[in-house]
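This report covers the strands, the core and one ring pair of a protein chain. The model is shown first.

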Amino acid sequence: MKRNSAILRLHAVTCTLLLILGLSVNPTRLAAQVSPRARTVTVTGVVRDSTTGEVLPNARVTMAGLSRAVRSNADGRFTMLGVPATTDTLLVQYIGYTTRRFVINADTIKAPLVVALAHSVVQLATTQVIGGVAPTVVSVGRDAGQLAI
């Protein structure tokens, strides 16, 4: 009998402490409050020219939901570590090419991505440069060591 009453008091004290700390005694709610760390994956791929198939080194690859970007290497390959296993937008940029946007689910990617970028034609505004040089007068005096400019 004493043992049962000791267990009941311990249970009551534990429940009281949990309530003071703002935790629920409900095991499903308690499990939801202590969620496991979000799973991450690695996204890899290669960036190429869509016309020639040549690799594009130093292309900028960004996941819209992350605050960081990676660059493709000399072989056009990129690796992005620690990408949340969720749906996000992948942005691939390279100077002189159109930016590509892909909605991907990083969790379902099984093979390296192949990103083909198309050339972008940019029309620049006409620039007019006007300039001149003031004439320079050189005079030589009687003395050969005297020169005035």
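The text below goes through confidence, sheets, core and aromatic contacts in turn.

This is a predicted model, in which local features need pLDDT of at least 70 and side-chain atom pairs count only at pLDDT 80 or more, while totals for chains, interfaces and linings use all residues. Residues are numbered from 1 along each chain as its sequence is written, and side-chain values use heavy atoms, with hydrogens and water left out.

**Confidence and overall make-up**

The mean pLDDT (the predictor's confidence in each residue, from 0 to 100) of the protein chain is 78, and 66% of its residues reach 70 or more. Among the elements, helix α2 (residues 27–33) has the lowest mean, 40, and strand β7 (residues 113–117) the highest, 96. Over residues 23–35 the pLDDT is below 50, and this stretch has nine contacts in the model beyond near neighbours in sequence; a contact means heavy atoms within 4.5 Å.

The secondary structure comes to two helices and nine strands. Helices (H or I, at least four residues) and strands (E, at least two) are DSSP runs, numbered from the N terminus. From the N terminus on, the order is α-α-β-β-β-β-β-β-β-β-β. Residues 24 or more positions apart account for 43% of the contacts in the chain with a separation of 6 or more.

**Sheets**

Two strands pair if DSSP finds at least two bridges between them. An open sheet of four strands, paired antiparallel, has the order β3-β2-β5-β6. Its edges are β3 (69–71) and β6 (100–105); each has a single partner strand, so one side of each is left without a neighbour in the sheet. Neighbouring strands of this sheet are turned by 25° against each other on average, direction ignored; the axes are lines fitted to C-alpha atoms, for helices over the stretch in contact, and angles run from 0 to 180 degrees between N-to-C directions.

Three strands form another open sheet, with mixed pairing, in the order β4-β1-β7. Here β4 and β7 are the edge strands, each pairing on one side only. The average turn between neighbouring strands of this sheet is 30°, direction ignored.

The table lists strand pairs with a facing residue pair from each.

| Strand pair | Sense and bridges | Facing residues |
|---|---|---|
| β2 and β5 | antiparallel, four bridges | Arg 60 and Gln 93 |
| β1 and β4 | antiparallel, six bridges | Thr 44 and Thr 79 |
| β1 and β7 | parallel, five bridges | Val 47 and Val 115 |

**Core**

Of the 149 residues of the chain, 20% count as buried (under 20% relative accessible area; exposed is over 50%, partly exposed in between; 1.4 Å probe, protein chains only). A nonpolar core is a set of buried Ala, Val, Leu, Ile, Met, Phe, Trp, Tyr and Cys residues joined through side-chain atoms within 4.5 Å. The largest such core has 20 residues, of which Val 47, Val 61 and Val 83 touch the most other members. β1 (40–49), β2, β4 (77–84), β5 and β7 each supply at least two residues of this core.

Leaving aside residues up to four places away in sequence, Val 83 touches several residues, among them Val 41, Val 43, Met 63 and Leu 66. Side chains alternate along β7: Leu 113, Val 115 and Leu 117 point to one face and are buried, whereas Val 114 and Ala 116 point to the other and are not.

**Aromatic pair**

The structure holds one aromatic pair. Tyr 94 and Tyr 97 form this edge-to-face pair, at 5.3 Å centre to centre and 65° between the planes. Rings of Phe, Tyr and Trp (its six-membered ring) pair if their centres lie within 6.5 Å; planes under 30 degrees apart count as stacked, over 60 as edge-to-face and the rest as tilted. Tyr 94 is partly exposed because its relative accessible area is 24%, whereas Tyr 97, at 13%, counts as buried.
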